[in-house]
Amino acid sequence: MSTATIASAIHREPELLGQTVVVIGGSSGIGLETARQARAEGAKVILAARDPERLKHAATEIDALSTAAFDATDPVALERFFGDLPVIDHVMVTAGRPYYGRLVEMDLAKIRDVIGQHLVQALYVARNAMNKVRPGGTLIFMGGTGGRRPAIGMSIAGAVTAALPALIANLALEIAPVRVNLIAAGFVDTPLSAELLGDQLEKRRNQLRTTLPIGRVVGPTDVAELAVHIMTNTALTGGTYDIDGGQQLVAA
Ligand SMILES: NC(=O)c1ccc[n+]([C@@H]2O[C@H](COP(=O)([O-])OP(=O)(O)OC[C@H]3O[C@@H](n4cnc5c(N)ncnc54)[C@H](OP(=O)(O)O)[C@@H]3O)[C@@H](O)[C@H]2O)c1
């Protein structure tokens, strides 16, 4: 899409024109939708994820500037990725998934990795990105609202949920004037949710439609709109932004 076409379609100057957005986790769900919306706002987009085929497909669909296939939990691969980047404007990290499990079922050998993954990944990304992101740009990480309520099987997810806002606020001070923000989502209707729920997906959607104050299910476009807003609103740093359609208010 040319710049002129974008401008005439949205009747205003595209908000990310001339900027470069990196999405780690950009081949599916919230990350892909954020990349799509960033493109529509005139940004150049760089996508990263593990599966090269799915990544290629996503990159072709949204006309990405480039792609990189690597595991974001691998610190060496992450360092190489950032080392190869030009100066960029924003980094959105959607790579990862929550860990649910009862204490008795936990694989004790993996617990350290599971707990650390989200937190350590944010630290690694911040360390690598701080000299690549231009002042005023932002790093955006994903957290959740579901883990705020204690429940059986939620001890690790709950601990990570509680820790992330503190980590993000501290990073915002440490790497200023680069901004750092956290999006805390409830249920979002993505391929990850479909995979986790299997044949219970439609039942869950219906339950949310009837119980959420917004009367509908939150989708990746909702979260992507928030992410693009955080990129463009340079007053936002160190914050956690809830987007769950009121799910935490009704314990759905
Ligand atoms: N969906 C929800 O209801 C929800 C709610 C709250 C928070 N979140 C969080 O939001 C984030 C995005 O969720 P989503 O629903 O959009 O998931 P998704 O549809 O599964 O997309 C995840 C993306 O991240 C990539 N990815 C996953 N692990 C990776 C790794 N280790 N290294 C590099 N890339 C990786 C995936 O591609 P590859 O598999 O090819 O690597 C894919 O592009 C996750 O962190 C999730 O925990 C989701």
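**Helix packing, ligand shell and two backbone oddities**

Helices α5 and α6 cross in a right-handed sense. This is a predicted model, and this pair of helices is a handy place to start. The axes of α5 and α6 come within 9 Å and cross at roughly 15°. That angle makes α5 roughly parallel to α6, since anything under 35 degrees counts as such. On the α5 side, the contact is made by Val-114, Ile-115, His-118, Leu-119, Ala-122 and Ala-126, which meet Ile-156, Ala-159, Val-160, Ala-163, Leu-164, Leu-167 and Leu-171 in α6. Sorted by class, the contact of α5 with α6 comes out at 12 nonpolar residues, one polar and no charged.

Leu-167 gives a residue-level view of this contact. It is found in helix α6, which covers residues 155–174. Setting aside residues up to four places away in sequence, Leu-167 touches Leu-119 and Ala-122, both of which belong to the α5 side of the contact. Leu-167 has 19 C-beta neighbours inside 10 Å and therefore counts as partly exposed; being called buried would take 20 or more. Along the chain, Val-180 is 13 residues away from Leu-167, and the C-alpha atoms of the two are separated by 9.8 Å.

Helix α5 also packs against α4. Here the axes of α4 (residues 75–84) and α5 (residues 108–129) come within 9 Å and cross at roughly 25°, so α4 and α5 are again described as roughly parallel to each other. The crossing of α4 and α5 is right-handed. From α4, the residues involved are Pro-75, Leu-78, Glu-79 and Phe-82, and they meet Tyr-124, Val-125, Asn-128 and Ala-129 in α5. The residues of this contact split into six nonpolar, one polar and one charged.

Tyr-124 sits in helix α5. Leaving out neighbours within four places in sequence, Tyr-124 is in contact with Pro-75 and Leu-78, which are both on the α4 side of the contact. Tyr-124 counts as partly exposed because 17 C-beta neighbours fall inside 10 Å. Thr-73 is 51 residues from Tyr-124 in sequence, yet the C-alpha atoms of the pair are 9.1 Å apart in space. Arg-80, in helix α4, is also partly exposed, with 13 C-beta neighbours inside 10 Å. Arg-80 and Ile-168 are 88 residues apart in sequence, and their C-alpha atoms are 23 Å apart.

A further helix pair brings together α2 and α9. The axes of α2 and α9 (residues 220–232) come within 8 Å and cross at roughly 55°, which means that α2 and α9 are oblique to each other. This crossing of α2 and α9 is right-handed. In α2, Gly-29, Ile-30, Glu-33, Thr-34, Gln-37 and Ala-38 do the meeting; their counterparts in α9 are Pro-220, Thr-221, Val-223, Ala-224, Glu-225, Ala-227 and Val-228. By class, the contact of α2 with α9 has seven nonpolar, four polar and two charged residues.

Gly-29 turns up again around the ligand. The ligand has 28 residues around it, and those that come nearest are Gly-25, Gly-29, Arg-50, Asp-51 and Thr-190. Three elements, α2 (29–40), β5 (133–144) and α7 (191–197), each supply at least two residues of this shell. The shell is a mixed bag, with 11 nonpolar, 12 polar and five charged residues.

Finally, two backbone features deserve a look. Most residues other than glycine have a negative phi, and most peptide bonds are trans. Asp-63 goes against the first habit, with a positive phi near 60°. This residue lies in the loop between α3 (52–62) and β3 (66–69). With 11 other C-beta atoms within 10 Å, Asp-63 is exposed. The second habit is broken at Ala-176 and Pro-177, which are joined by a cis peptide bond with omega at about 10°. Pro-177 is found in the loop between α6 and β6 (179–185).

Terms used:
Residues numbered from 1 in each chain as written. Predicted model: local features only at pLDDT ≥ 70, side-chain atom pairs only at ≥ 80, totals over all residues. Axes fitted to C-alpha atoms, helices over the stretch in contact; angles between N-to-C directions. Helix = DSSP H or I, 4+ residues; strand = E, 2+ residues; numbered from the N terminus. Parallel < 35°, antiparallel > 145°, perpendicular 65-115°, else oblique. Left-handed = near helix turned anticlockwise from the far one by under 90°. Contact = placed C-beta atoms within 7 Å. Nonpolar A, V, L, I, M, F, W, Y, C, P; charged D, E, K, R; others polar. Near = placed C-beta within 6 Å. Buried ≥ 20, exposed ≤ 12 C-beta atoms within 10 Å, placed from the backbone.
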